[in-house]
Amino acid sequence: MIFTNLIQTNLRTKVFGKKIEYYQRIGSTNEEAWELVNAGEADHGTVVITDNQFSGKGRDNNTWHMSPSKSLAMSIIIKEEISSEQAFLVPLAAGLAVAKALKNRSFEPQLKWPNDILLNSKKCGGILCESRVHKNKVTQMVIGIGLNVNDQKSDFDKSIQNTATSLLIESGYPNQRELISAIITTYFEQIYDNLLAIPSQWINYCFHLNKRVKFKYMNNFEDGIFKGINEKGFAQIEIEDQIREFSSITLD
Ligand code: BTN
C-alpha cells in the first residue's frame with residue numbers, strides 16, 4: 001500500500017505531484033501515464049504510482065523488476081512543449097533528482113550516464129523517459145522512475161543479485177517510499193525549472209568521470225575516457241586524443 005496523502009504532505013512543489021494517480025497493482029506506470037494523457041485525464045505534473053508493477057519497462061527494451069510493496073515505481077507526466085535542445089536534459093534531470101533525494105537521505109549515490117542510479121557501484125534505480133514529438137518539439141513526456149528501496153538481495157532475480165542493490169541493502173534500515181517519492185518529485189521540479197544548470201550539477205555525481213568506459217556505437221565496440229557531458233547532456237568521450245560527443249549509447 002502507498003499512502004498518497006503521505007507523499008503530498010512531504011511535497012515542496014508548486015505543480016508536480018499535486019495530482020497523484022495511485023494503483024494498487026498495474027502493468028507499468030509509464031503505460032498507465034500515457035493512457036491518462038490519451039484520455040485527456042492527466043494534468044502537467046501528474047504523478048502515477050503503484051505498489052505492485054508487474055510488467056515494468058526498462059531502457060533498451062529491457063524489463064524492469066519491482067518487488068511488490070518494497071520498491072518504488074512512479075511516472076511523472078510532462079504536458080508542455082520542450083525544445084529539442086532541452087528535451088535530452090529531462091531524463092538527466094530525473095536521474096539527478098533521484099541522486100539528490102538519496103543524498104538528502106544520507107546515501108552516497110552516483111550516476112552512470114545517462115541516468116542509472118548507483119550505490120556502492122551497484123544499480124539501485126533507473127529512469128525510462130518516453131516522449132511525443134510534434135514539429136521538432138517534444139509536446140508530452142512521461143518520466144518513469146524505478147528505485148529499489150526496501151528490497152532484500154533474495155528479492156532480485158539471481159541474474160542481477162551481484163549487480164543490483166537497494167537502499168535497505170546498503171544502509172541496513174528500511175525507508176518510507178512515500179517520503180522518498182516526495183523528495184524525488186520536489187527535486188525534480190526544481191531541476192526541471194532550470195534545465196540548463198544540469199550539466200554542472202550532474203557531473204558531481206558521475207560514476208565514471210575520467211575513467212575508461214566501453215560502449216557499442218553503430219554496431220562497433222568502442223572504448224574511451226569519459227570526460228563529462230556537454231550543455232545538451234550528451235556524453236563526451238575521449239577516443240584517440242579526440243573528444244567525441246554521443247547522445248544515444250549504452251555504457252557497459
Ligand atoms: C532502466 O532500465 O534503467 C530504466 C528503468 C525504469 C523503470 C521505471 S519503474 C516506473 C516506470 N514504469 C515503467 O514501466 N518503467 C519505469
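Helices and strands on this tour are DSSP runs, a helix needing at least four residues and a strand at least two, with numbering from the N terminus. Keep in mind as you click around that this is a predicted model.

**Stop 1: a cis proline and two odd loops**

With those element names in hand, select proline 114, which sits in the loop between β7 (110-112) and β8. Look at the bond leading into proline 114 from tryptophan 113: that peptide is cis, with omega near 0 degrees.

Next, pick aspartate 60, in the loop between β3 and β4 (63-64). Aspartate 60 isn't a glycine, yet its phi is positive, near 55 degrees. Then jump to serine 69, found in the loop between β4 and β5. Serine 69 also has a positive phi, about 65 degrees, without being a glycine. Is serine 69 buried or exposed, or something in between? Its relative accessibility is 40%, so serine 69 counts as partly exposed.

**Stop 2: the β8-β9-β10 run**

Select residues 116-119 and 122-134. These are strands β8 and β9, paired antiparallel over three bridges. For a register check, find isoleucine 117, which stands opposite glycine 125 in β9. The two strands make a hairpin with two residues between them, and asparagine 120 in the turn has a positive phi of about 55 degrees.

Now add residues 137-147. This is strand β10, and its antiparallel pairing with β9 runs over ten bridges. Leucine 128 is a handy marker here: its bridge partner in β10 is glycine 144. β9 and β10 form a hairpin too, again with two residues between the strands, and lysine 135 there takes a positive phi near 50 degrees.

**Stop 3: helix α2**

How many residues of α2 are buried? Seven of the ten are, so α2 is largely enclosed by the rest of the structure. To colour them, select Thr29, Asn30, Glu32, Ala33, Trp34, Leu36 and Val37. The surroundings of these buried residues are strands: they pack against β1 (20-23), β2 (47-50), β3 (56-57), β5 (72-78), β9 and β10.

Zoom in on alanine 33, which belongs to helix α2 (residues 29-38). Alanine 33 counts as buried because its relative accessibility is 0%. Beyond its neighbours up to four places away in sequence, alanine 33 touches Val48, Ser75, Ile77 and Val142. If you still have leucine 128 labelled, draw a distance: the C-alpha atoms of alanine 33 and leucine 128 are 12 Å apart, with their positions 95 residues apart along the chain.

Check both ends of the helix as well. At the N-terminal end, serine 28 acts as a cap, with a side-chain oxygen 3.2 Å from the backbone nitrogen of asparagine 30. After the helix comes glycine 40, with a positive phi near 70 degrees.

**Stop 4: the ligand**

Keep serine 28 selected and bring up the ligand. Which of the 20 residues around the ligand come nearest? They are Ser28, Gln53, Lys57, Arg59 and Lys123. Three polar distances are worth drawing:

- Serine 28: a polar side-chain atom is 2.7 Å from a ligand oxygen.
- Lysine 57: a polar backbone atom is 2.7 Å from a ligand nitrogen.
- Lysine 123: a polar side-chain atom is 2.6 Å from a ligand oxygen.

Taken alone, the ligand would expose 420 Å², and the protein buries 98% of that.

**Stop 5: a buried serine in α6**

Hop over to serine 181, in helix α6 (residues 177-192). Serine 181 has 0% relative accessibility, so it counts as buried. Setting aside residues up to four places away in sequence, serine 181 touches Ile7, Ile49, Leu72 and Met74.

**Stop 6: the four-stranded sheet**

Last up is an open antiparallel sheet of four strands, in the order β11-β12-β13-β14. The edges are β11 (212-217) and β14 (242-246); each has a single partner strand, so one side of each lacks a neighbour in the sheet. On average, neighbouring strands here are turned by 50 degrees against each other, direction ignored.

Zoom in on β11 and β12 (residues 220-229), an antiparallel pair with six bridges. Tyrosine 217 stands opposite asparagine 220 in β12.

Finish on glutamate 222, also in strand β12. Where does glutamate 222 fall, buried or exposed? Buried, with a relative accessible area of 18%, given that the cut-off is under 20%. Leaving out neighbours within four places in sequence, glutamate 222 is in contact with Val213, Lys214, Phe215, Tyr217, Ile239 and Arg244.

How values were computed. Residues are numbered from 1 along each chain as its sequence is written. This is a predicted model: local features need pLDDT of at least 70, side-chain atom pairs count only at pLDDT 80 or more; totals for chains, interfaces and linings use all residues. Side-chain values use heavy atoms; hydrogens and water are left out. Buried means under 20% relative accessible area, exposed over 50%, partly exposed in between (1.4 Å probe, protein chains only). Contact means heavy atoms within 4.5 Å. Two strands pair if DSSP finds at least two bridges between them. A polar contact is a pair of N or O atoms within 3.5 Å; within protein, one must be able to donate a hydrogen and the other to accept it, and residues adjacent in sequence count only if both atoms are side-chain atoms. A residue is near a molecule or strand if one of its heavy atoms lies within 4 Å of it. Accessible areas come from the Shrake-Rupley method with a 1.4 Å probe; for residues, only the protein chains shown count as cover. Axes are lines fitted to C-alpha atoms, for helices over the stretch in contact, and angles run from 0 to 180 degrees between N-to-C directions.
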